[in-house]
Structure formats: C-alpha cells, structure tokens
4 protein chains.
Amino acid sequence: MNISPNLEGYKIENLRELMHSTWDRFLSTSEAVAAINKGEVDLTFYLIYLTETYHYTFHNSRNQSLVGSREDNRNLHYMQFCFEHAKEEVGHDQMAHHDLKSLGVKLEAHELPGPLPATEVLIAYLYRISLTGNPLRRLGYSFWAENSYTYIMPIFDRLKSLLNLERKNMTFIVQHSELDVGHAEEVEKQIDKLAVSDEDRHAIAEVMVTSLTLTLTMFDSIYHEYSRLQKNQRSKYSAVCQFSRD
Amino acid sequence: MNISPNLEGYKIENLRELMHSTWDRFLSTSEAVAAINKGEVDLTFYLIYLTETYHYTFHNSRNQSLVGSREDNRNLHYMQFCFEHAKEEVGHDQMAHHDLKSLGVKLEAHELPGPLPATEVLIAYLYRISLTGNPLRRLGYSFWAENSYTYIMPIFDRLKSLLNLERKNMTFIVQHSELDVGHAEEVEKQIDKLAVSDEDRHAIAEVMVTSLTLTLTMFDSIYHEYSRLQKNQRSKYSAVCQFSRD
Amino acid sequence: MNISPNLEGYKIENLRELMHSTWDRFLSTSEAVAAINKGEVDLTFYLIYLTETYHYTFHNSRNQSLVGSREDNRNLHYMQFCFEHAKEEVGHDQMAHHDLKSLGVKLEAHELPGPLPATEVLIAYLYRISLTGNPLRRLGYSFWAENSYTYIMPIFDRLKSLLNLERKNMTFIVQHSELDVGHAEEVEKQIDKLAVSDEDRHAIAEVMVTSLTLTLTMFDSIYHEYSRLQKNQRSKYSAVCQFSRD
Amino acid sequence: MNISPNLEGYKIENLRELMHSTWDRFLSTSEAVAAINKGEVDLTFYLIYLTETYHYTFHNSRNQSLVGSREDNRNLHYMQFCFEHAKEEVGHDQMAHHDLKSLGVKLEAHELPGPLPATEVLIAYLYRISLTGNPLRRLGYSFWAENSYTYIMPIFDRLKSLLNLERKNMTFIVQHSELDVGHAEEVEKQIDKLAVSDEDRHAIAEVMVTSLTLTLTMFDSIYHEYSRLQKNQRSKYSAVCQFSRD
C-alpha cells in the first residue's frame, strides 16, 4: 500500500475525506477483507488478530503520554489532554488478552509470540511521531483511531457470525466502539483548537494517513501469517496453534 | 549534606520519621534558613528561589508521566496514578513564573537565567529515578513533596513579613499547601497498596531521602547565589538583578 | 510490498539467500526500477532520491551508536563494534547533500523538504530496533546495507547515462560502493561470532528483511512523489523544484 | 560541598585553575582523605570504592556516545570524537570488577550491591548533561577526569602501602593513570577547537566543577558507608562484607 498523503486542504472536513478515501481504498483491495467476506478464514485468523492488537495497543497509552512529557511541548492544555488520554488508554491491551483467554488461549501476555514485522513497524512509527517533530501530530493517529468503528464493524460482524463469536470474545472491539464516540468528538475539538497553522494541520494529516495505512498493512500482514499457517509454512505462530476453543 | 538513608524499617511511620529527621537536620544547619530567620535576606533571594522553583517544577509532570510510559511498568493501576498525577502537576511551573511577574520581573519563562547546578542535579536525579530502577521509587519523591508544607510554611511566613509579600506574590507556595493535603493521603495509600516487597520499600525510602536532600541542597545553593550577588561577584543572576518591584 | 520473512535457517548463506530473494522480488516489481529502465525519469527523480537519502542517512550513525549505549548491551566487543561503526558512518548524510549542491541545489541541509512518510517510517523502525529487543538485531540492517551495491549499481549506472551525471554528482553512491566491501566482511564476521542462538539469528534475519523492504518501499515512494510532481499535483517538493542544474 | 562555579574567564588556564581549586578544597576538607592519611581505613573501604567505581564507570562510554547520537549535535568532527572516545571507554568498568575479584570478591558484576545514592546522583547528572543542553558541555567532565591522576595518586599510593595492595589489585587506577596522559591533551585540543563562544565555555566549566564535585562527594559517601559498616549499622554492603582476601 502506498503511503503518500495528497493534501489539498486541512479542515476537519478534509481530514475526514482523506480518512474516508484511505479506508475505501483498503476495503476494496485488502486480501484480508476479501477472505473474510468470502468466509475463508477460521478462528486462527482472529487469534492472530487479537495477539497483534495486544502488541500495538500495549504501547498506545505509553506513546500518548510521551507527547505530554516532551520538553518542547509547552501547551499546558495539550499536555493535560495527553495525560488524560493516556490514562484512558491504560489497560486496553488487556482487553485483547482477555478475548484470547476467553477463546481458550492459556498463554500469559509475556508468553505470546512477539509482534509481526508490520506490527513492529507501526509501533516504531507511533513512538517516533510521539517523540519528535510537531508535538500535535499524534492527534492524526487519534483522529482515525477514534473514528474507525464505522469502517471495521461490518468486518467484525462478518467475523462474529462466521466464527460464532460471542460478545465476551469481542470485548476489545465492542467496548472500543462504545467508548470512542465521545473520544472522537474530543479529538476533533482538540484539533480545531490547537492546530492553528498550516504546518500543524499538514503534520496531523500526514500522521493520520501514514498511521492508518500502517495499521491496515498490519491487518493484511495478519492474513498473510494466517495463510502461511494454513499451508504449514514456518511461522512464529506455529508453536501456539494449539490455540483453540476446546 | 550527606546523602545516605539509614533504613531500619519501611512502614509509613518509618518513612515519616526518616523524612522528619532529614528536615530537622536541614532546619538546624541550613545557612539559608538561618539567614531568613535573622532577617538577612531581601527580595532578590525570593526572586532567585522562584526562578529555580520554576526550573525544577517544569519537569515534575514530565518525569512523573515517564514512570507510566515505561515498558517495564505493567501495573495498570499505578500507570493510571502516574498519568493522573502528571496531569495534576501540569502548569505548576507557571505559578512560580506568575509570582515572579507579580513582583515586577518582566522576563518570559524562556528568558530566565538557566538552572543553577544544584537545581540541574535535582532535575537529573528525578529523570533518572523515573526512567530506571524500581518503577515505584518515584513515589518517594511525591511522599515528601506532598508533605512539605508543614516544614516550609514557617520559613515562608517569615519571608512574607520580612519582604512584605502579598498572597498574589506567593501563589506557588499557597496553592500548593492547599492542594497537597489530599495528595499526601493519596500518595500514602499508593505506597501502602503497591509497595509489597522490602525491595520496593527500600527503593522508595532511598529516593525520598535523596530527592529531599538534593532539594534542600538546592535551597542553600540559592542562598549562596544570593550572597554572591550581594558581594557583587559573578553570577548568572547579575544581568537580571534589575528584577524589582519598582 | 509484503513484510514477512520466511526463515528456514539462519546461517550466513541463508541470510544471503533471503536478501537475494527480497532484492529479486523488488527488482522485478518496482515501478521506480521499471521507469528508470525505460528512461522515463529526469533529474528531479535523482534530486528527490538524494534528499530522502540525506534524511535517513542522517540517523544511521546515531541509531548505530545507540545500540552500544544500551544498558542491556553488555558485550564489550559488540559495544566497540557499534561505536567504531557509528564513527565510520558520521557525515555520510553530507555526501548526499554535497551531491545535491553539485547539481545546483542551493538549499542548506536544514532547508530541504522534510522526509517523505515512507522515509520517516524507515527512520522510526531503525531507532526502534536499535533501542529495543535483541541488541544484535541491528546487524541485520548493516548486513544488507553493506552488500547493496551489487544490486543497485545497475540502476545507478542507468541513471548516470540517462541524466548525464558525473562522478562528482554521485559521491554518495560511488564512495559507498568502495567503502562497503570491507564493511560487508566485517559485519558477517560479527554475525558469525556474536549470533550464537537461534533467537539471535532470527532477530537479525527479521530486521534484515524488514529494513530492506522498508528501504525499497521508500525508493518506490520517491518515484510516486516524482510522478506527482510531473502531474503538477501537490507535493512537499513543489517549492523546491526550482532545483536544477541551470 | 557547595556546587557553584565562579567563572571569571574560560581559557584552558582558567579551567585548569578552577579544577585545581576544586581539588584543593576537597583534599583539605574531605573526611575520607583525612582518614586515609591517618591510616584509619582497612580493605573494606577499598572494596566499596571499587564497587562504586564499577557502577559509575559502567555508564561512561554509554553517556559519552549519547552526546554523539543527539540530533542537535551536528558537528561531524565532534560526533567522531564522541564515538571514538566512547569506544576507548568500553570495558573500564570491568577493570574495577577485576580488581575486586583479585581481592577475593566472588560476586559477578550483576550481584554487586547497587550504587550508593551519591553514585546514582553522579550517574544521573552525567546522563542529563550528555542528553540535554549544550552538546559540548560533557567535555567538562572529560577535562577533569583525564587530568585527575595528579591529584589522586598520592591518596592511592597511601592506600597501597596501608592495605598492602599489589599492582594486580589496582589495574583500574594504574591503567587509567597511564592511558590518560594522551587523553587529557586530546580533550584540551577539542575544547580549544570546538568551544568558540562564551556560552560554550561557560557550559563546559559548569559541568567540570559540578561533575567533579559530585564525584568527590561520592568519595566521601563511600567513606561514610565504610564508617557505618565499622559501627555495625545497616548498610547495603553488610551482606557482602564477607568480601575479603582470605
């Protein structure tokens, strides 16, 4: 997937259009989405998804707080937003781990296979943009993340019926979709208030498209790992494919 | 001042005794305290105090949040405490700067003279203990900081009458003394709940004594800088001694 | 481009095969390579390439040294290698800037357009793998980087004749190709000596494939930016396309 | 000990005078030096000294290299100096550990008691000044460190005869004194070449006095820990005082 935001303007409307077109392109070209829609994945796909989600989510409150800790972030209001938002994100990784356990995975969090390369690339990028450059730019990540449930719910509804998942197996997705309506509005308000220059808005838009693209790339990478397992190819998940509901 | 906690036990009572004896030793030997009690300082002393306070306080919410961001801090409850506490500390440096402005200092924050060496040593230590070692140990700093007003109010009451300070010139001190009653209890509760091993309690006690000692050393260092100015010796404050109320 | 190393074994031979297949896939599918081979790029492409090369190369000696600075890197021999290698990498970014200047670009380094998203993703990943995880894994980056000239020289020879470049316009490429023969051997020796466990070799192989893939993605991203400029679409390079030899 | 450099000028001569007066004050007031001169310490003192030396020396090549890794350090020549110097400092901590082993201490490095507070304060300060502020200022630490053997050799000669130490028990001290003649000249050349503004020279002088003062404070703190052990008071060294030659 190509990463190169083409930014004509930077109002919230433009950010939303940019987000929308990035999702659209993904939904129409993703191999993972196509396989889910055709009913060609089993529970193993969802277990890999939850594990990778555990990994990147583990870092979200951490990199969010780092934005507030920077010596060059001197906006008191934004610092408070960063720490408040970091606090709210604490433990979301545990929801993904909870869902794994609800599906019979006995591994403790530290025993899970390490992140796939695409997941580590996402994590790396989020730390980099949190610690360097325009301190506002991480808002671009929050912007799409808090607005993502419109796009992903159809995919997860499909997975739910396909894999006979119950609500207790999907707390990460369900609780996020409920929490995030309020968060999305809050993030938009922050962008409106804080992003006063073209440079600010450009930095936010670039991080929005790039972090969304890396996340979607991770989603397809999960599917590739799943395919590899199906073909009995080497995978860091091989050892844990005793993952199962029974 | 010697830095070497001698720790016989680690209950809250022991922490409090250890704190008390550290303050006692300081109050009876500090050159700064003696000079204040003898009425031998003028407004310049207070202006230097506010400037150095601005400097170390600038870093307090930052280093507090870094404790929460550490990958080896996996206690969700403690992470939330760190981010909440960081949020509450945001902007306290601005109170010190406000007090300076209320006394006629026209310098913007970034124009103030840089921190004295003793202040930079304190700042360095707080970052180090926030980022490395036992993640709980920064609670030792909070423990004494939130309990310090009993000890320092007599000194600042003396300064107030000596220098004819008004409440609006002392917002840093006054507002902290009011805020910190609740904070002190909260910090003690955290220590009770989180510090479960001897190693935890030792780490907290060591940071308590060391960070308190470095802060008190900074206070005397402020007095030495003041004395140097009185003798027209070279000082980074020389240029700003047009600091004044008139 | 998919990032998912499939690692059957981890001897130097396997690393080399893995590198070879990653390059092969790139050379046969890259839009940038195809355009160069068809003679469809002009000098602007090379100027963008040099600018992005300046950006990631700026960080190479820095992230290399950070591997040596880690408290969990306790192998004295490897620490020395890291610092020595960091020292050798100092200033290579300046060669890319020199080449830009030799082609008429008047901008100082800090005036160049910031890195493209794909370049920032590469930079982010290299910092992350230098600072976390198995300290040996950055050797995977050095492994392919020091061996890359076999693969890229045909591309740059084509560019040279296409754009009438002289040796003085290509110091980054030319000097690297000369320096790196010795370096490649040194890196292989280090891997042989230091990577003693399967985990070590897996970590090195994963970083090799991932960092190579991100670099090749960056190369295609440079071509996309170039294409956008050709179509007069918005680009951070628009302002600097007065870049030119005349 | 008061930390407040009084800097009249900043030529190498002034730096040297400033260093000389800091040492002079220490040598005439230090409790540790007085006790050594009176023959009132035994081997335990030296073992504590070696352990604390192990601790701060462990970080010296690390913090030295961090100066080179900073994105705001853009002086290629200075970056190379930092990495070269970092490389030379690698493993000096092992000499201190070797000397401990030569005296019968069986503990591996990671089993040694952790650093005393005064040692951790020194370590914290060296990281802070390496990572923030004027990048040149760490040269102030190198300046006195590479010139310290004139001052400390009389102390260690006294210890040697007092404790019947052999050359193999003193490799840290002996090898440093030999290595550092060349280093001292190199550091002075760097300061002469690189420190071009008053701000540069002031920053270097401040770090010189402050880091020297913190190191001397650590030395007295070692003596206090030793005294505590002599009085059977609680100490993190209690457990390891089976340290011994027999």
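Biologist: Which ring does C:Arg62 lie over?

Modeller: Happy to start there, and please keep in mind that this is a predicted model. C:Arg62 is placed over the face of an aromatic ring, 3.9 Å from the ring centre. The ring belongs to C:Phe58.

Biologist: And in chain D, how far is the charged end of D:Arg62 from the centre of the ring of D:Phe58?

Modeller: A charge counts as sitting over a ring only if it is within 6 Å of the centre and within 35 degrees of the ring normal. The charged end of D:Arg62 does sit over the ring of D:Phe58, and its distance from the centre is 3.9 Å.

Biologist: What rotation superposes chain D on chain C?

Modeller: The superposition has an RMSD of 0.0 Å, with 0.0 Å of shift along the axis. This is the relation of a two-fold axis. The rotation is 180°.

Biologist: Which residue of chain D comes closest to that rotation axis?

Modeller: The same surface serves both copies, as 100% of the contact residues of chain D recur in chain C. Judged by C-alpha position, the closest approach to the axis by a residue of chain D is 2.6 Å. That residue is D:Phe83.

Biologist: Let's turn to the aromatic pairs. Are the rings of B:Tyr141 and B:Trp144 stacked or edge-to-face?

Modeller: Both residues lie in helix H8 (residues 139-145) of chain B, three residues apart, or about one turn of the helix. Their ring centres are 5.6 Å apart. Planes over 60 degrees apart count as edge-to-face, and these are at 70°, so the pair is edge-to-face.

Biologist: Is B:Trp144 buried or exposed?

Modeller: The cut-off for buried is under 20% relative accessible area. Its partner B:Tyr141 is at 4%, so B:Tyr141 is buried. B:Trp144 has 6% relative accessibility, so B:Trp144 also counts as buried.

Biologist: Which helices of chain C does the pair of C:Tyr49 and C:Phe156 tie together?

Modeller: The two rings form a tilted pair, 5.0 Å centre to centre with 55° between the planes. C:Tyr49 is buried at 6% relative accessible area, and C:Phe156 is buried at 2%. C:Tyr49 and C:Phe156 lie in separate helices, so the pair ties together parts that are 107 residues apart in sequence: helix H3 (residues 43-58) and helix H9 (residues 149-163).

Biologist: How many aromatic pairs does the structure hold over all chains?

Modeller: Some aromatic residues join into a cluster, and one in chain C includes C:Trp23, C:Phe45, C:Tyr49, C:Phe156 and C:Tyr226. Taken over all chains, the number of aromatic pairs is 53.

Note on methods. Residues are numbered from 1 along each chain as its sequence is written. Chains are lettered from A and ligands numbered from 1 in the order in which they are written. This is a predicted model: local features need pLDDT of at least 70, side-chain atom pairs count only at pLDDT 80 or more; totals for chains, interfaces and linings use all residues. Side-chain values use heavy atoms; hydrogens and water are left out. Copies are superposed by least squares on the C-alpha atoms of residues with pLDDT of at least 70 in both. Contact means heavy atoms within 4.5 Å. Rings of Phe, Tyr and Trp (its six-membered ring) pair if their centres lie within 6.5 Å; planes under 30 degrees apart count as stacked, over 60 as edge-to-face and the rest as tilted. Helices (H or I, at least four residues) and strands (E, at least two) are DSSP runs, numbered from the N terminus. Buried means under 20% relative accessible area, exposed over 50%, partly exposed in between (1.4 Å probe, protein chains only).
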